[in-house]
Amino acid sequence: MPKAKLGVLISGDGSNLQAIIDRIEAGRLNAEISVVISSKRDAYGLRRAADHGINSVAVVRKDHKNAEEFNLAILKELQDNQVDLVVLAGFMLLIGSEVLSAYPNRVINLHPALLPSFPGDNGIKDALDYGVRITGVTVHFADKTFDTGPIILQDFVPVHQNDSEEELAKRVHKTEHELLPRAIHLLVEGRIRRDGRKVSILGRNSEQKGLKITF
Ligand code: GRF
């Protein structure tokens, strides 16, 4: 099977990018990262890409006159690098229809809470402040609005009494670093099916066909 070409979009630390890199380097993910696109020039994730010899570029919103042009600039990078699957790994801006329609069922997002609870930029803090006993991580297909697309995988994370935001965040990130590469693996293996909002995971030897990610 050909290696899936990933475009990983980030805005900050890039610890999830690192988790993908590590899984690829360990030979446990049949993919390569063709490009890392950062919405911030000083994102630490760009350094991680450079350290592993991965092609990267910053595409900054304020350098473009509107959201459409910004998204077209992202799309150009994705297409120039022949990306098959777009992974939003801590990308803090809304990805537009320009990218979504070029990559149907091939843009996935990571969220640090159990959607549809606690959408938005502060999923971890919002869950902690609300007082839930269990929060978690969601990987879902991206759609036109933040954090609403069909759910691919979720896993729970317990909230301990007296957790600080940092302590909870550490536990959530650890789960993210497992869940995101696993979702990519399942997509790359053609083991994800989507019927409307319902997503199913096919067994390794299933006769059913999953989504096609590589072309
Ligand atoms: C993650 O918690 C992700 O869920 C959220 O932003 C954070 C990014 O972390 N959207 P990192 O840049 O991958 O370390």
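**Figure 1. Helix α1 passes helix α2 in a right-handed crossing.** In this predicted model, the axes of α1 and α2 come within 9 Å and cross at roughly 20°, an angle that makes α1 roughly parallel to α2. On the α1 side the contact is formed by Ser 15, Leu 17, Gln 18 and Ile 21, which meet Gly 45, Arg 48 and Ala 49 in α2. Sorted by class, the residues of this contact of α1 with α2 comprise 3 nonpolar, 3 polar and 1 charged.

**Figure 2. Helix α1, residues 15-25, is mostly covered.** Of the 11 residues in this helix, 8 are buried, and these are Asn 16, Leu 17, Gln 18, Ala 19, Ile 20, Ile 21, Arg 23 and Ile 24. The elements that cover the buried residues of α1 include the strands β1, β2 (31-38), β4 (85-88) and β5 (107-111), together with the helices α2 (44-51) and α6. Beyond the helix, α1 is followed by Gly 27, a residue whose phi is positive, near 75°.

**Figure 3. Helices α5 and α6 meet in a right-handed crossing.** The axes of α5, which spans residues 123-130, and of α6, which spans residues 165-188, come within 10 Å and cross at roughly 125°, and α5 is therefore oblique to α6. From α5, the residues Ile 124, Lys 125 and Leu 128 take part, and they meet Glu 165, Leu 168, Ala 169, Val 172 and His 173 in α6. The residues of this contact of α5 with α6 divide into 5 nonpolar, 1 polar and 2 charged.

**Figure 4. Ala 4 is a buried residue of strand β1.** The strand to which Ala 4 belongs covers residues 4-10, and Ala 4 counts as buried because its relative accessible area is 0%. Leaving aside residues up to four places away in sequence, Ala 4 touches Asn 30, Ala 31, Glu 32, Asp 84, Val 188 and Thr 214. The view can also be extended to Leu 202, which is 198 residues from Ala 4 along the chain, with 19 Å separating the C-alpha atoms of the two residues.

**Figure 5. Asn 109 lies in strand β5 and makes a polar side-chain contact with Asp 147.** The two side chains, those of Asn 109 and Asp 147, are joined by a polar contact of 3.4 Å. Asn 109 counts as buried because its relative accessibility is 10%, which is under the 20% limit for that class. When residues up to four places away in sequence are not counted, Asn 109 touches Leu 88, Thr 138, Val 139 and His 140 as well as Asp 147.

**Figure 6. Ser 101 is an exposed residue of helix α4.** The helix that holds Ser 101 comprises residues 97-102, and the relative accessibility of 59% is why Ser 101 counts as exposed. A polar atom of the Ser 101 side chain lies 2.6 Å from the backbone oxygen of Ser 97. Asp 143 is 42 residues from Ser 101 in sequence, and the C-alpha atoms of Ser 101 and Asp 143 are 9.7 Å apart in space.

**Figure 7. Gln 82, Asn 105 and the peptide bond between Leu 115 and Pro 116 show backbone features set in loops.** As background to this view, most residues other than glycine have a negative phi, and most peptide bonds are trans. Gln 82, in the loop between α3 (67-80) and β4, has a positive phi near 50° although Gln 82 is a residue other than glycine. With a relative accessibility of 53%, Gln 82 counts as exposed. Asn 105, in the loop between α4 and β5, is likewise not a glycine and has a positive phi of about 60°, while a relative accessible area of 27% makes Asn 105 partly exposed. The peptide bond that joins Leu 115 and Pro 116 is cis, with an omega of about 10°, and Pro 116 is found in the loop between β5 and α5.

Note on methods:
Residues are numbered from 1 along each chain as its sequence is written. This is a predicted model: local features need pLDDT of at least 70, side-chain atom pairs count only at pLDDT 80 or more; totals for chains, interfaces and linings use all residues. Side-chain values use heavy atoms; hydrogens and water are left out. Helices (H or I, at least four residues) and strands (E, at least two) are DSSP runs, numbered from the N terminus. Buried means under 20% relative accessible area, exposed over 50%, partly exposed in between (1.4 Å probe, protein chains only). A polar contact is a pair of N or O atoms within 3.5 Å; within protein, one must be able to donate a hydrogen and the other to accept it, and residues adjacent in sequence count only if both atoms are side-chain atoms. Axes are lines fitted to C-alpha atoms, for helices over the stretch in contact, and angles run from 0 to 180 degrees between N-to-C directions. Angles under 35 degrees count as roughly parallel, over 145 as roughly antiparallel, 65 to 115 as roughly perpendicular and the rest as oblique. A crossing is left-handed if the near helix is turned anticlockwise from the far one by less than a right angle, and right-handed if clockwise. Contact means heavy atoms within 4.5 Å. Ala, Val, Leu, Ile, Met, Phe, Trp, Tyr, Cys and Pro count as nonpolar, Asp, Glu, Lys and Arg as charged, and the others, Gly among them, as polar.
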